[in-house]
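Colleague: I should like to learn how to read the features of a model of this kind. May we take them in turn, with the general idea before the particular case?

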Amino acid sequence: AERFSKVIEKVRHKLSRTPFQQQLFVKDGKKCYFIRFNEIYLIESMENYARLYFRDITTYLKRSLNQLETELGQTMFFRINRSQMINTNFIKQIEQAENGRLNITLHDGKLLQVSERQSVKFKSNNRLKTKFN
């Protein structure tokens, strides 16, 4: 059982590093997209759907934000509030708001407010501290 568990973990690790696992397939009407994770800069919750922003395109995917958060991991993406998750590589500016929260400006100029709880997490995240200090 222990050897089997190690083999399964090894396979999972290899699969998570393949290009296939680093993209999403999205069908939007007559259009289909293979979207690389590193192209997505913002994901917004729309009830049972997620609105994806990538390149200059916006499309919908029938998955919840919670599902996408698990699928995408936390190496590149950060959940800033209940309804939005951002790719930290697209952050242009971070400002401290008067209420202790953070305001984040993305590369396209979109201004987003980080919730109080997530602002604390963002500030204490060592990976993000290193990246933005």
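**Reading helix faces, sheets, cores and ring pairs**

Modeller: Let us begin with a helix, in what is a predicted model. The exposed residues E116, R117 and V120 sit on the face of α3 that is turned away from its buried side.

Colleague: Which residues of helix α3 are buried?

Modeller: In α3, which spans residues 116-124, the buried residues are Q118, S119 and F122. Because they cover an arc of only 105° around the axis, they lie on the same side of α3.

Colleague: On which strands does α3 pack?

Modeller: The sheet should be described before the packing. Its three strands form an open sheet in the order β8-β9-β10, with antiparallel pairing. The edge strands, each pairing on one side only, are β8 (91-96) and β10 (111-113). From one strand to the next, the twist averages 25°. Helix α3 packs on this sheet and touches β8 and β9, its direction making about 75° with that of β9.

Colleague: How many bridges join β8 to β9?

Modeller: Five bridges join these antiparallel strands, β8 and β9. To take a residue, I94 has I104 in β9 as its bridge partner.

Colleague: How should one read a single residue of that sheet, for instance T105 in strand β9? Is T105 buried or exposed?

Modeller: One compares the relative accessible area with a cut-off, and buried means under 20%. T105 has a relative accessible area of 14%, and is therefore buried. With neighbours within four places in sequence left aside, T105 is in contact with F90, I91, K92, Q93, K110 and L111.

Colleague: Let us turn to the nonpolar cores. How many residues does the largest one have?

Modeller: The general idea is that, in soluble globular proteins, nonpolar side chains tend to be buried together. In this model the largest nonpolar core has 17 residues, and those with the most contacts inside it are L24, I43, L52, L68 and F77. The elements that give two or more residues to this core are β1 (23-28), β2 (31-36), β3 (40-46), β4 (49-54) and α2 (65-72). A second, separate core has 15 residues, including I86, I104, F122 and L128. Thus F122, a buried residue of α3, and I104, the partner of I94, both belong to the second core.

Colleague: What is I43 in contact with, leaving aside its neighbours within four places in sequence?

Modeller: The contacts of I43 are A50, R51, L52, L65, L68, L72, F77, S83, Q84 and M85. Among them are L52, L68 and F77, which are also listed with I43 as having the most contacts inside the largest core.

Colleague: The last feature is the aromatic pair. How many does the structure hold?

Modeller: The structure holds five aromatic pairs. One reads the centre distance and the angle between the planes, where over 60 degrees counts as edge-to-face. Y33 and F54 are edge-to-face, at 5.4 Å centre to centre and 75° between the planes. Y33 lies in strand β2 and F54 in strand β4, so the pair ties together parts that are 21 residues apart in sequence. Both rings belong to buried residues: Y33 has a relative accessible area of 13%, and F54 one of 0%.

Colleague: And how is the pair of Y41 and Y53 to be classed?

Modeller: That pair is tilted, with 6.1 Å centre to centre and 50° between the planes. Y41 in strand β3 and Y53 in strand β4 are twelve residues apart, and their pair links distant parts of the chain. Y41 is buried at 6% relative accessible area, and Y53 is buried at 9%. Ring pairs link Y41, Y53 and F90 into a cluster, and F90 is also one of the contacts of T105.

Note on methods: Residues are numbered from 1 along each chain as its sequence is written. This is a predicted model: local features need pLDDT of at least 70, side-chain atom pairs count only at pLDDT 80 or more; totals for chains, interfaces and linings use all residues. Side-chain values use heavy atoms; hydrogens and water are left out. Buried means under 20% relative accessible area, exposed over 50%, partly exposed in between (1.4 Å probe, protein chains only). Helices (H or I, at least four residues) and strands (E, at least two) are DSSP runs, numbered from the N terminus. The arc is that of the directions from the helix axis to the C-beta atoms. Contact means heavy atoms within 4.5 Å. A nonpolar core is a set of buried Ala, Val, Leu, Ile, Met, Phe, Trp, Tyr and Cys residues joined through side-chain atoms within 4.5 Å. Two strands pair if DSSP finds at least two bridges between them. Axes are lines fitted to C-alpha atoms, for helices over the stretch in contact, and angles run from 0 to 180 degrees between N-to-C directions. Rings of Phe, Tyr and Trp (its six-membered ring) pair if their centres lie within 6.5 Å; planes under 30 degrees apart count as stacked, over 60 as edge-to-face and the rest as tilted.
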